[in-house]
Every structure is written in C-alpha cells, then in structure tokens.
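Here are a few exercises on empty space, a helix and a side chain. Try each one on the structure before you read the solution.

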Amino acid sequence: MNGPKWLILFLSALVLTFLVWGGINILTDPFGVFGDTVLNWDAYTQTLNPRIGKTEYLQERFDEFDSYIIGSSSAASYLPETLAAYDGGSWYNLFHYGADIDYDREVVRWLLEEDEVRHIVLVLGLSEADTPAEKSGLTDKAHYTVTGEHPLSFYTDFLFASPSFAAEKIRSRRQDTEMPQAFDVFIPENGTYDKRLRDSESIGSLDAYMAKNGGDFVPYTAPRELQYTEECTSAVAEIRQMCQAAGAKLTVILSPVSDAQLQGYTNDTLNRYFTSLAEVTEYWNFSISPITADARYFYDTTHTRNAAADMVLAGIFETDAYYPDNFGFLCGDGYAPTAEWLKDAASAVTPSDYTADIPILLYHHLDPDTAESGTTLHPDTFASHIKLLSDHGFVPVSFGEIMDYVEKGTPLPEKPVIITFDDGYLSNYEYAYPILAEYGWRADIFVIGSSFGHYETYKDTAHPITPHFGQTEAAEMLASGVISLHSHTWDMHQWAPYETAGEVRETLLPLPGEKEDDYIRVLQSDIAAQKKLFADAGIPESTVLAFPSGKYTELTDAVLRGNGYKVTLTTDPARRNILICGLPQSLFDLGRLNVGKDTTPEMLLAYCLGE
C-alpha cells in the first residue's frame, strides 16, 4: 500500500473513531447537555454534575419558578416546599457541590438576566470563607450560559468526554430502582437531595445515633482561619446589589454548624466573618445555636438535616412549627452577635428542654376464661396495670400529642405513657375499653384490616378465629374518645397455616429475593386497602402504623413516610423512645414492651421509669 492510500485510510479510521466516540456521548449524554433524549434521566445527570444538570433542567422551565435557593451543600437541606408554604411563590433549589461563592454570584446574575425573579435565598456556611473553590474536571464544570464560555468549547468538552462516563451511565441504568442510589441522589423537580431513606432512619438517643453514625462526624482540626472572608463577603455584596437593582428580594442565611465542624475555628476567626458579613448585607446567623452540640440534627459534620433547615425557616418566618429558643439572630449594619455570646445563648438550652422519653406498652388479647400467656391476659390483670401506673403518676397520652410535641414543641406531661393493643380483638372492646373508661385513661388499637369485623372465621376460610371487633364496636369506642384506631396493615400479618394460596406475608419484610420495586408496589397496595377500609368504616385516617411482629426495613419506613405515615412502632423493648423536637424521624421505629404473663408489676414500672 502506497503512502497516500495509507494516509487516507488512517485519517478515515481516525475520523470514524471520533464520530463513534462523539455519537456514543451524544446518545448516552452522561451530563445531559445534548438533551438526554434516549435515557431521559435528569436525576442521574444532576447527580453527576448539578451545576450543569440543573441549568439544563431550568432552561426549559423558567416559567415554572420565580424563586431560588442558592449555595453549596449548606443549602442542600432547604426545601422548596417549605419556603413555598411560608413565603408563597414557586421555588427551585440550585445548590451545587463544593463551596464556591464566585459561582453563586454568577448563578444569581444568570437568573436575574434570564428570569423575572421574586426571591432568592442565599445559604452560606463556613466553607465559603474557608477554602477556595476546587475544580476537578467535567463533574465541576459550569454551564456556558452561566459562565459566558463559548458554546463550541463547552460542547466539545462533552462530545469527546471519556467513554467511561457513558459506560457508567448505562451500567447504572440497569441497576436503577425506585429508591435513591449513589448515582441518582437528586429530585430533579425541585433540585434537592432525595433523602427518603436518610429521613426515615430511626433516631433516638444520642448515644445510639453516634454508635451508628459517629464515623460521619470527623472533627475539623484547629486552627482554621477563614482566610477567604474578604472574597466571600465581596461576592455577597455584589449579589445583594444585583438583587436590589432587579427588584428581587434577597434573604441571606448562615446555616447551622455542627460541633464537629465548629471546633476547628477560634472565636476571633468566627467574629471577623460574622462582622464582615454584617457590613455588606442583612443576614440570619444560625451558625452557633442550641442544635450545634446535638449531632442528631445533622447528617454528618457539614450537612444539616432537612428537618433542621425546616426549623431555620420556621424561625425566620415565625411559624408555629418548632424551633428552639436562642435559635437564629438577624444581623446587619455592621453588627452581629459574637461567637462567645452565641455559644453562651446556645448553652442555655439543654437536651431536657427539647427531648422526651416515652414508654409504650403493648397488649393483645384479654380473656377471663383462658390461661395467661405472652399475648393473653386476664382483664383483672390489665386493670391492675392501669391502677398501678395511675397511682405512680403516669398520664396516658395519644400519638397526636407526641406528634405535636415533635412538630410544634407542645409540652407533654411529666410522666407520659402510651397504651397500645395489636390486632383488633373483640376483647379490646369487651374488656379493655370499659376498664380504660373507668380509670379515665385512653389507648390506641392497631387493626388488621383483613380481620376487621371477622367474629368467627379467618378471612374467607372456615378456620375459626379469635373474634375481631368491627364497625359497630369501632364507632362506639371512637365516639367515646377513649380509643383511637390505627393500622396494623391490611393483610401483611397473615397466619401461614390458614392461608390457601400464594406466598404468605406474615410481616412487612420483603419476601426472599423480592425486587425493590415489586415490594414497594405490594406495600403501597396494602396501604391503599387499609386507608379505604378506614374511610368506608368511618374511622378517621391515621398516620400511625405498628409493624406486624415488629419487623421492618429502612425501605419500609421510607415507603410509609412517602404515603403520609408519621409514626411507626416496633416490638423492641430495649429501644428507648427519645422524642426530639423538630426531628420527625424520632417518631419512627418506636419501641414497645410486650406485656404478658411474665411481666411483673416491678418490671412494668421499671420499663416506664426508664430504669
């Protein structure tokens, strides 16, 4: 082969290689810059690079939003729906990876040029003044419409990006499920992290939380100097000026800081930052607060929980949602409270001011003619328990009351207790209900939907069943105010020997080998059936569910939370039920003491006293 032919073949092969390379990147579009028309996966592209993914998402949807949350990961927990509820408008969260106040300034400029902006919330942390922005290639690259980069240069970078990005997107698509994984952690519709799993995790005592998550709270090493304070405050001043010129409202928030992060900074360093911000803008300082020392309000060293950010917004807008005393101070005109003063104010609020320990007792069946067992007691035994608790000053509370405590900080009695019954036996109506009424107490019954009103047989079989109360009894008990009814699932507490077909679901655990999406559909169907039963029977809709046999997974809690449930209960007597104001997760996976024939009065009192 002569030289010219060889050169032509070589060049042709080279061109073909580039065409195939570019074609693959256009079709898979890992970063979503070419329209992502094949895989159409915004959650993935935003996770890979939120700066580009969110910009692309908004460009076709500016008419849907008029207000924006701006910032680095400090802004991640500020939910558009919370701001919309308090302030009106249509919100989108444009937070990005890595502290980069210069990028925040350019985003604000872009938004004001592209859209009629009503309100911008700029969320700052300490990192904006601590370290310079670090770029690590395509995953941190900004969109050309924001930076002013030439479009040809921008698209060329992604056209010939490493094929590994395309391969990883295809691989991830095959592994994708309903719940978030490392490759799709964003909710494209509002720009926030998908925290369904983290926000459903059980949170109780601080010791238990740290035993599980302590590795996420690596302390910052002192001293850190906040050496970029001047650059940060200069950018904030420009943002304020741009918003004023455009007639857009600006709210600046210095977000809560965990103790693990705070200990890396001296008071003098913090004071310089606080005062410098106050010289260029009005802002809310939540950095040092009563939640700083309590890791339960944080996911890790530098990330507040969504619930903690909700508390910040409740404080700013002065709503009836819970936020602690000495939480957040408005700064401006060159004045800001000192770090020393903020620490003293925060220390005035102690854990006893915002936590409560709630014992929950679990009963099942009462029968005067059957020997006592782990699930059956004589009515006189139950009556003696109620008298014992009453004589020792315990006060029965409802699940509504503990929800109000967590959500609004509504006080609870000094010695609260919750009495529960599982399954919905007729004996609850015949014996427990009148005993409770006699003592002026109350209780909560968890009903198995498929057994509701079955007095003689197990569902549609001929198998005899311990009678379960129905609509007539339920109506009387509910009207009295002595009893509240909740869910023990519709039909996921099956009795295997009496089931006639299909796989048996004795608990809410997924079946062996069951796919995540299939399990979610089954659970949602069961939830819907139970809600329909309650509606048809005139039972008020409940947001409380007791796990059959106390068994569950984090996925179970996430699905229940997504369907409106606020409280879930296990059968774990070792689990201390520490309720935490402002943290709805503390209402999940509550423990209960199963009261049976071997439960002595001393054991009952010891459990209720937390001994």
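## Exercise 1: the largest cavity

Keep in mind that this is a predicted model.

Task: sort the lining of the largest cavity by residue class, then find where that lining comes from.

Solution. Start with the classes: seven lining residues of the largest cavity are nonpolar, one is polar and two are charged. Next, put names to them: P50, R51, K54, T55, L94, F95, Y103, V107, W110 and V146 line this cavity. Now look at the helices. Both α3 (50–59) and α5 (101–114) supply at least two residues each, and the largest share, four residues, comes from α3. Finally, the volume of the largest cavity is about 50 Å³.

## Exercise 2: the other cavity

Task: how many cavities of 30 Å³ or more does a search of the whole structure find, and what lines the second largest?

Solution. First, the idea behind the search: rolling a probe the size of a water molecule over the atoms shows where empty space is left. Here the search of the whole structure comes back with two cavities of 30 Å³ or more. The second largest has a volume of about 30 Å³. Around it you'll find N25, D29, P30, F31, V33, F34, F158 and A161. Sorted by class, that makes six nonpolar residues, one polar and one charged.

## Exercise 3: two pockets

Task: for the largest and the second largest pocket, give the volume, the residues nearest the centre and the make-up of the lining.

Solution. Take the largest pocket first, with its volume of about 860 Å³. It is lined by 32 residues, and L79, A307, D310, R561 and P584 are the closest to its centre. The lining holds 14 nonpolar, nine polar and nine charged residues. To see which elements contribute, pick out α4 (80–87), β5 (192–193), α13 (306–317), α16 (399–408) and α20 (554–562): each of them supplies at least two lining residues.

Then move to the second largest pocket, at about 550 Å³. Its lining has 23 residues, and D423, Y425, I448, H493 and W495 lie nearest the centre. By class, the lining of the second largest pocket has seven nonpolar, eleven polar and five charged residues.

## Exercise 4: the two faces of α18

Task: which residues of helix α18 (residues 471–480) are buried, and why do they count as being on the same side?

Solution. Begin with the buried set, which is E473, A474 and M477. These cover an arc of only 100 degrees around the axis, so they sit on the same side of α18. The general rule helps here: an α-helix has 3.6 residues a turn, so residues three or four places apart point the same way. Now check what the buried residues of α18 pack against: α17 (426–439), β17 (443–447) and β18 (483–487). Turn the helix round, and the face away from the buried side carries the exposed residues T472 and A479. Last, step past the end of α18 to G481, where phi is positive, near 80 degrees.

## Exercise 5: a serine in a loop

Task: is S398 buried or exposed, and which backbone nitrogen lies 3.4 Å from a polar atom of its side chain?

Solution. Locate S398 in the loop between β15 (395–396) and α16. Its relative accessible area is 16%. The cut-off for buried is under 20%, so S398 counts as buried. For the second part, go to G400: its backbone nitrogen is the one 3.4 Å from a polar atom of the S398 side chain.

Notes: Residues are numbered from 1 along each chain as its sequence is written. This is a predicted model: local features need pLDDT of at least 70, side-chain atom pairs count only at pLDDT 80 or more; totals for chains, interfaces and linings use all residues. Side-chain values use heavy atoms; hydrogens and water are left out. On a 1 Å grid over the protein atoms alone, a cavity is a set of points where a 1.4 Å probe fits but cannot get out, and a pocket is an open set with protein on both sides within 12 Å along at least five of seven lines; lining residues have an atom within 4 Å of a point. Grid points are joined across faces, edges and corners, and a volume is the space filled by probe spheres set on the points. Ala, Val, Leu, Ile, Met, Phe, Trp, Tyr, Cys and Pro count as nonpolar, Asp, Glu, Lys and Arg as charged, and the others, Gly among them, as polar. Buried means under 20% relative accessible area, exposed over 50%, partly exposed in between (1.4 Å probe, protein chains only). A polar contact is a pair of N or O atoms within 3.5 Å; within protein, one must be able to donate a hydrogen and the other to accept it, and residues adjacent in sequence count only if both atoms are side-chain atoms. The arc is that of the directions from the helix axis to the C-beta atoms. Contact means heavy atoms within 4.5 Å.
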